[in-house]
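User: Could you take me through this protein structure? I am new to reading such models.
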Amino acid sequence: MEETSGSTNPELKENLSQMSDLERRKKVSNTTRLELKHTKTRSVDGGKEEQEDPGFPPSSSLPSLCLIPRTLVVSPSLGGLSITPDLSVNLRKILFGRTFHVFNYEWRKSFFKFREPYSEFSYALETERGGARSVQMVVQAQIIKYLLFSRAAAATDDRTLQSLCEVGQRDQDRALAAALTDILWSAGEERSATVTLVTADYCITPHLDYKLDNFTERLQLFTFNKKEDVRKFIYEHIQCFKEEGSHGVILFLYSLICSRTVNRLREDLDGTTSHLLHGTLGNSVCRQALLNLLLTGRASPHVFNGTVQCGEDGQPLEHPLQGILARSDVGYLHWSREQMEQDRLPQVGSRLKTPRFPVWLCSINGMSSVLFSPNRSLLSDWRTEHLFTMYYYNGLEATAALTIDTQSHHWEAFRDSGDPEKKFPSVEMTIRTKWEGALIDWNGTTPFY
């Protein structure tokens, strides 16, 4: 069901009608829950108004009932705390910059679905082209990290691509739970994390300037102070993130924001960024701040190392530019042909280029993919960087084994074509932002990204 545009007044009338319907449905217990004192959790509410992003497409109201299977809805008796009206408003503002925008169909249908167990792609998530793909591919990178370097079966030095093809459904679930936990725990500064799930009851009656999506208003928040407790809870409710109809990617995104908290997110951002999603070509795509939040636990808007205090003129900046403060488990590489031609290509700092594990999220011409190696010594022994193999997965059931030679330095001499993509394949250009001048052999595979 694609969203269509509509005028403001009809939308307000429809919201008022929906709110009236909600009031008739609400039980007395829901009224009591609105009065809960949130003394056991950190504040995830903020205060400051955000600027609107004119790039977001107009959106229409969703059906009066959220289309989530009953098996993916948790009982209010599970515990946790209900979402508050202030938090629902601030989730919208930190995501979109305004409260009257909702996730479109592409985001709502996105979840974390593995491919067939014990197959060539049993380690891989299924993705589609769209804004949610970037979130899925960061989780994919964390899954690969877990399967290669963290699970018990990866305790030996015999780590190969073949080992990633020997993954059953139980290991898939464990890998997904571990990946989501690692990201949330990092966002909570390794002290706590919050997981959001959907309940059967509506928890709030939103303000008139807030657009109902019949999903956010039913969130229940579960906060944990031990990482293992987070992992166990997510594993026990893994169907809420991996099943069709779960809105799994959105649910994880809400968990991420609540783990970081809205107030801390606003401290992370500087004057160049006010919210985490950007509207373009009819879809909502991840800003760099959101990618950095997923990768590092901190929503810094830039990819350089550290913080820039002064401008090019040497004068102190009113708002210092926030970059990357430390190495993360998963790295990041970026290349865009358009930005290169316009001399606007951002220079990714060494902290993102050199992660703790040889797994990188790649942003290539605006598309997200993953580059990885089973050899962890690639990041600690310079001799392994002379000639080595990397694997590239683009999220669309395509993998390539790439042989990388950093000693030959003859890569341009082997290209003779008028097509820039054939002459300088984008994946190769991305790899050369880390290993400058490397010769890259696709081993018979036609280059793609």
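Analyst: We can discuss the chain as a whole, then a sheet and a loop; please note that the model is predicted.

User: How many helices and strands does the protein chain have?
Analyst: The protein chain contains 16 helices and 15 strands. Of its 449 residues, 54% are buried.

User: And how much area does the chain expose?
Analyst: About 20,100 Å² is exposed, and carbon and sulfur atoms supply 49% of that area.

User: Let us turn to the sheet of 3 strands. What is the strand order?
Analyst: The order is β1-β5-β4 in an open sheet, and the pairing is antiparallel. Strands β1 (81-82) and β4 (193-198) each have a single partner strand, so one side of each lacks a neighbour in the sheet.

User: How many bridges link β4 and β5?
Analyst: There are 6 bridges between β4 and β5 (residues 219-224). One of the bridge partners is Gln220 in β5, which pairs with Leu197.

User: Which helix lies across β4 and β5?
Analyst: Helix α8 (residues 227-236) does, running at about 15 degrees to β4.

User: New topic: where is Glu189 found?
Analyst: Glu189 is in the loop between α7 (169-187) and β4. Its phi is positive, about 60 degrees, although Glu189 is not a glycine. Glu190 is found in the loop between α7 and β4 too, and has a positive phi near 55 degrees.

User: What are the relative accessible areas of Glu189 and Glu190?
Analyst: Glu189 is partly exposed at 33%, whereas Glu190 is exposed at 57%.

How values were computed: Residues numbered from 1 in each chain as written. Predicted model: local features only at pLDDT ≥ 70, side-chain atom pairs only at ≥ 80, totals over all residues. Heavy atoms only, no water. Pairing = 2+ DSSP bridges. Helix = DSSP H or I, 4+ residues; strand = E, 2+ residues; numbered from the N terminus. Contact = heavy atoms within 4.5 Å. Axes fitted to C-alpha atoms, helices over the stretch in contact; angles between N-to-C directions. Buried < 20%, exposed > 50% of the residue type's maximum accessible area, 1.4 Å probe, protein only. Areas by Shrake-Rupley, 256 points an atom, 1.4 Å probe, with all protein chains shown as cover.
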